[in-house]
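I opened this notebook to keep track of what I looked up, starting with the nonpolar core and then turning to the charged pairs.

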Amino acid sequence: RAMRLEQFLDLRDHFQRVAWRDLYFVEQNIIRPLTATDRLSFAEIAGPSLVEWFVTHYWGHPFIDTCTALREHAQRIAVDARPWHDVAYWVDAFSINRHAGDEESGCGQWYRSSFCLALRSSSCRGTCVVLDKRM
């Protein structure tokens, strides 16, 4: 359950007025309300892709900065004729179903957790670490 970069950028643009807010805000005020009725992850609602890059990040970063970092990463790693905006990222706030906590955490078995499944997926090329601009 990953999302293509284009989906992150569309979300950023649609909620431009709050894009400078951190992922704590985005998850509580945008993702949870949008996924509450269907009880799915945001990625499932937006149209999931296979994970290519597992993203580790600080939830306190502004969402707009996280999008910028992912765009820069995608532009560097996009292969040949493939558009960089099609690169798929697994970002916990968007990829985890917040309405199914036990299942997402592997029901007490870490190797069945969404995090582990994403990292061990045959389609996962690696981990993308999003750091603060000052790093």
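**Entry 1, the core.** I looked first for the largest nonpolar core in this predicted model, and found that it has 26 residues, with F8, F63, L70, Y89 and F94 having the most contacts inside it. I then asked which elements supply it, and noted that α1 (5-14), α2 (23-35), α3, β2 (53-56), α4 and α5 (92-95) each give at least two residues. The largest share, five residues, comes from α4. As background I wrote down that nonpolar side chains tend to be buried together in soluble globular proteins.

**Entry 2, around F94.** Which residues are in contact with F94, once its neighbours within four places in sequence are left aside? I listed M3, F8, L11, L23, V26, I31, S41, F42, A43 and F63. Apart from the largest core I also found another one, of eight residues, which includes F54, A88, W90 and C124.

**Entry 3, salt bridges.** I searched the whole structure next, and the search returned five salt bridges. In one of them the side chains of E44 and R1 meet, at 3.6 Å from N to O. Because E44 lies in helix α3 (residues 42-46) and R1 in the segment before β1 (3-4), this pair ties together parts that are 43 residues apart in sequence. I checked the exposure of both partners: E44 is partly exposed, with a relative accessible area of 29%, and R1 is also partly exposed, at 30%.

**Entry 4, D86 and R4.** The side chains of D86 and R4 meet in a salt bridge as well, with 3.3 Å from N to O. What does this pair tie together? D86 belongs to the loop between α4 (63-77) and β3 (88-90), while R4 belongs to strand β1, so the bridge joins parts that are 82 residues apart in sequence. By relative accessibility D86 is partly exposed at 24%, and R4 is partly exposed at 25%. I added that R4 and D86 are linked with E6 in a network of salt bridges.

**Entry 5, R32 and E27.** Last I looked at the salt bridge that R32 forms with E27, in which the closest N and O atoms are 2.9 Å apart. Is each partner buried or partly exposed? R32 is partly exposed, with a relative accessible area of 30%, whereas E27 is buried, with a relative accessible area of 4%. I noted that the value for E27 falls under the 20% that sets the limit for buried residues.

Notes
Residues are numbered from 1 along each chain as its sequence is written. This is a predicted model: local features need pLDDT of at least 70, side-chain atom pairs count only at pLDDT 80 or more; totals for chains, interfaces and linings use all residues. Side-chain values use heavy atoms; hydrogens and water are left out. Helices (H or I, at least four residues) and strands (E, at least two) are DSSP runs, numbered from the N terminus. Buried means under 20% relative accessible area, exposed over 50%, partly exposed in between (1.4 Å probe, protein chains only). A nonpolar core is a set of buried Ala, Val, Leu, Ile, Met, Phe, Trp, Tyr and Cys residues joined through side-chain atoms within 4.5 Å. Contact means heavy atoms within 4.5 Å.
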